[in-house]
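Q: I'm new to this one, so please take a close look at a single part for me. Pick out the aromatic rings and walk me through how they pair up.

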Amino acid sequence: SVTGVQTCALPIYYGYKLCQLPKPPKDTAYNEKQVQYFEGIIAFKAGKYEKAKKYFEQSIKDNYEPGSSYHYLATCYANEKDDDKFISTVKEGFEKYPDFEQLIIDLINYYMTRNEQGKAIEYINIAIEKNPDNPSYYSAKATIFDNKTDTLTKLYDKNMEQAYELKKKAFQNRNNSKVKAE
């Protein structure tokens, strides 16, 4: 029996085979690099990350959709719970293709989920510099500052509570001669 994913892969497989047949130079119906990239997408969607990684690595080598290939390759690592490979792949992709927006979004999300606000803001600022019309970046930055405010407010409230209790003790004991002597 053939699953839906396997059925989807058959046209790509045959398309790849067609790429290998002799053809006129102007025939671009099936580009080998394109087929390979989409084989990676199909494997990724099917949860076959090892297979997908091979296709995306080759797409990166072939310089076919390299920014997107880095994103998908990194996401394969994330889905396999390999955070170190995820972040190193995203950073490598971002260094080589800083204008591919999804990679900077990956970096922002990575640092936000790890509560590393400084790093997240650093990449948000880069993103805003590159695309100042994207409201998502301003929203993300506001969320970080809002969370910081919540944390500071809680700390302030806790400190004020302690100060109140200490002042209360001081006033209660101010007329107690035994406490004065200590």
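A: Let's start with F38, which is partly exposed because its relative accessibility is 35% (20% to 50% is the in-between range, with buried under 20% and exposed over 50%, using a 1.4 Å probe and protein chains only). Its partner Y37 is at 7%, so Y37 counts as buried. Keep in mind that this is a predicted model, where local features need pLDDT of at least 70, side-chain atom pairs need 80 or more, and totals use all residues. Numbering runs from 1 along each chain, and side-chain values use heavy atoms, without hydrogens or water.

How many aromatic pairs are there in the structure? Eleven of them, counting Phe, Tyr and Trp (six-membered) rings with centres within 6.5 Å. Y37 with F38 is one such pair: their centres are 5.1 Å apart and their planes make an 80° angle, which is edge-to-face (over 60 degrees; stacked is under 30, tilted the rest).

Now look at Y111 and Y123, a stacked pair with 5.8 Å between the centres and just 5° between the planes. This pair links distant parts of the chain, twelve residues apart: Y111 belongs to helix α6 (residues 101-113) and Y123 to helix α7 (residues 117-130). Helices here are DSSP runs of H or I, at least four residues, numbered from the N terminus. Y111 and Y123 are both buried.

Back to Y37 and F38: ring pairs also tie them into a cluster with F44, Y49, F56, Y64 and Y72. So in that cluster you'll find Y37, buried at 7%, as well as F38, partly exposed at 35%.

Methods
Helix = DSSP H or I, 4+ residues; strand = E, 2+ residues; numbered from the N terminus.
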